[in-house]
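I sat down with a fresh model and kept notes on what I looked up. Here they are, in the order I wrote them.

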Amino acid sequence: PHNMYFRPKFDQKVKENGIPNECFHICPTKLVNKILKQGLHPKDYGRKSNHPERVYLFLQKPIIWKEIARTFRESRNEKYSLLKIDTSKLYNKIDFYFDSLTMTDNPAIYTNETIPSQYIIEIDREKNNEESFI
């Protein structure tokens, strides 16, 4: 079966006052050290799902972030981390857009630009003894 998605041709730019001072990003733990050195780059990391090369951020800290990571996971032993981005320092430096596919109770935004590493910290990660469900 094939799914068809309708997306707006141009996503809506987020106004500065529409972005909280902190946003959140879920990524594979194996990438954290590189991200903390080089920043978050718009890449799709060769994922099977068809996403444009963007950096996606949640507007609020996802309470169930490990369940969200579970939907991203491609192998049973892949662990994920939760990053916090200080978006207050990015106003007028980076353009953000609303993600039309993530209209849940915790909407997401994205950028096509690199988020510099000095605005990123790791705040949580899956542990080895946690069960990784697929």
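**Rings and cores**

I started with Tyr-80, which is buried at a relative accessible area of 1% (buried is under 20%, exposed over 50%, partly exposed in between, with a 1.4 Å probe and protein chains only). This is a predicted model, so local features need pLDDT of at least 70 and side-chain atom pairs pLDDT 80 or more, while totals for chains, interfaces and linings use all residues. Numbering runs from 1 along each chain as its sequence is written, and side-chain values use heavy atoms, without hydrogens and water.

I then checked the aromatic pairs (ring centres of Phe, Tyr or the six-membered ring of Trp within 6.5 Å; planes under 30 degrees apart are stacked, over 60 edge-to-face, the rest tilted) and got three. Tyr-56 and Tyr-110 have ring centres 5.9 Å apart and planes at 50°, so I noted them as tilted. They sit 54 residues apart in the chain, and both are buried. Phe-72 and Tyr-80 are also a tilted pair, at 6.3 Å and 55°; Phe-72 is partly exposed at 35%. I also found Tyr-56, Tyr-97 and Tyr-110 in one aromatic cluster.

Next I looked up the largest nonpolar core (buried Ala, Val, Leu, Ile, Met, Phe, Trp, Tyr and Cys joined through side-chain atoms within 4.5 Å). It has 20 residues, and Leu-57 and Ile-85 are among those with the most contacts inside it. A second, separate core of seven residues includes Tyr-80 and Phe-58.

Note on methods:
Helices (H or I, at least four residues) and strands (E, at least two) are DSSP runs, numbered from the N terminus.
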